[in-house]
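Me: I am new to this kind of model and would like to learn how its features are read, one at a time. Could we begin with the aromatic rings?

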Amino acid sequence: MTSAVQVWNPDDWELFSLSLLQHRHGTLNVHKIPAAHQGDYGIDYYCAKEAVAYQCYAVEEPVDISTRAERQKKKITTDLRKIITNSVEIAKLFLGVPIKHWVLLAPNHDSKEVNLHCSKKTRDMRDAKCPALDATFEVGIHDPSSFPKDAVAVGMSTVSSIKLSIPTPSQQELDTWVAGSSNLLANATHKLSKRTGTDRVHEAVAEAAKSFLHGHALLDALRNGSPDLHERVMSAINSRARRLQFAGPQGEQTPGAILNTELDSLISAMRTAAPNLSEENAEQIAYGSICEWIMRCPLDFPNAQ
């Protein structure tokens, strides 16, 4: 399955970037240029001590690699033009020390076309002979993989809302999983037929398999990108599973009522344990977990005919 992409709002991305830069340069060495008053000079943060400037930019996701690259290239071109225009004021910010690096901080860097564009703009900026820039001035792009994992984990813990976008499983992925999961599908067919009847059970089982794979893909993405958040989400899921296995389903004993109750309870438990996880992701993970409980244990509809 295609890797998950985090959907960032601009404010969260800037705060997350600040955390990364403070880890890299030291808290007292990173300064912010507010954009609210007469623009930001094409720079969001800078470190005068190391003569490096940063601009934060999160493309509105989800988009494909080509679209993301084009938008990043356009952002680089636009903001470097601001540096030329505001070179006198920028030189004052850096205390007369020429800038050696300008870096675009982006959540995802996955196209060599952006590297080639950075090289082109490096040459263009050097040729401009801007007094605010060093003769060896270089344009680059960094994403979270450019920083230590512990710095990324600390930054993620401060983000107000984490939302992952991930495609639903392809038919090939579904077919591959189905081919090796006959026992699980038999369990799901037996249990869900109590909810849908035999005429619609195959459709329900197919949706359950898709939700299961989608939910687990999101959990894998959380494990890789935000281990602390993943741990809290899994703790909530496991706690609900233990209670269900021990005490059985709660609420009315019709299959529909049981499913609604368990979904609502699991979503609520995850949102309590991980309040910065988006409501959409919490629901997607809950659907996947409930479907797993149906295919394995402990969820069943014992009083249904």
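Reply: In this model, which is predicted, Trp8, Trp13 and Phe16 come together as one aromatic cluster.

Me: How is a pair of such rings described, and how many aromatic pairs does the count come to here?

Reply: In general, a pair of aromatic rings is described by how far apart the centres are and by the angle between the planes. In this structure the count comes to five aromatic pairs. One of them joins Trp8 and Trp13, whose rings are edge-to-face, with 5.0 Å from centre to centre and 65° between the planes. Trp8 has a relative accessible area of 11% and is therefore buried, and Trp13, with a relative accessible area of 2%, is buried as well.

Me: Why is the pair of Tyr46 and Phe94 called tilted?

Reply: The ring centres of Tyr46 and Phe94 lie 5.1 Å apart and their planes meet at 45°, so the pair is counted as tilted, since that label covers angles that are neither under 30 degrees nor over 60. This pair links distant parts of the chain, because Tyr46 belongs to strand 3 (residues 45–47) while Phe94 sits in the loop between helix 3 (87–93) and strand 5 (99–105), and the two are 48 residues apart. Tyr46 and Phe94 are both buried.

Me: Let us turn to the cysteines. How many disulfides does the count give?

Reply: A disulfide is, in general terms, a covalent bond that joins the sulfur atoms of two cysteines. Here the count comes to zero disulfides. Cys47, for example, is in no disulfide, and the nearest cysteine sulfur, which belongs to Cys56, is 14 Å away. Cys47 has 0% relative accessibility and therefore counts as buried.

Me: Where does Cys130 lie, and why is its sulfur not bonded to that of Cys118?

Reply: Cys130 is found in the loop between helix 4 (112–127) and strand 6 (133–142). The closest cysteine sulfur to that of Cys130 is in Cys118, but the distance is 18 Å and therefore too far for a bond. With a relative accessible area of 8%, Cys130 is buried. Apart from its neighbours within four places in sequence, Cys130 is in contact with Ile84, Ser87 and Met125. Between the C-alpha atoms of Cys130 and Ile166, which are 36 residues apart along the chain, there is a separation of 43 Å.

Me: My last topic is empty space. What is the volume of the largest pocket, and which residues are closest to its centre?

Reply: As a general idea, rolling a probe the size of a water molecule over the atoms reveals where empty space is left. The largest pocket in this structure has a volume of about 770 Å³. It is lined by 28 residues, and those closest to its centre are Ala4, Pro144, Ala221, Asn224 and Gly225. Two or more lining residues come from each of strand 1 (5–6), helix 5 (149–157) and helix 8 (201–225), and helix 8 provides the largest share, six residues. Sorted by class, this lining holds 18 nonpolar, seven polar and three charged residues.

Me: And which residues lie nearest the centre of the second largest pocket?

Reply: The second largest pocket, with a volume of about 400 Å³, is lined by 17 residues, of which Leu192, Arg195, Ala204, Leu259 and Tyr287 lie nearest its centre. Helix 8 gives the most to this lining too, with five residues. By class, the lining of the second largest pocket has nine nonpolar, four polar and four charged residues.

Methods: Residues numbered from 1 in each chain as written. Predicted model: local features only at pLDDT ≥ 70, side-chain atom pairs only at ≥ 80, totals over all residues. Heavy atoms only, no water. 1 Å grid on protein atoms, 1.4 Å probe; cavity = no way out; pocket = protein on both sides within 12 Å on 5 of 7 lines; lining within 4 Å. Points joined across faces, edges and corners; volume = space filled by probe spheres on them. Helix = DSSP H or I, 4+ residues; strand = E, 2+ residues; numbered from the N terminus. Nonpolar A, V, L, I, M, F, W, Y, C, P; charged D, E, K, R; others polar. Phe/Tyr/Trp six-rings, centres within 6.5 Å; stacked < 30°, edge-to-face > 60°. Buried < 20%, exposed > 50% of the residue type's maximum accessible area, 1.4 Å probe, protein only. Disulfide = S-S within 2.5 Å. Contact = heavy atoms within 4.5 Å.
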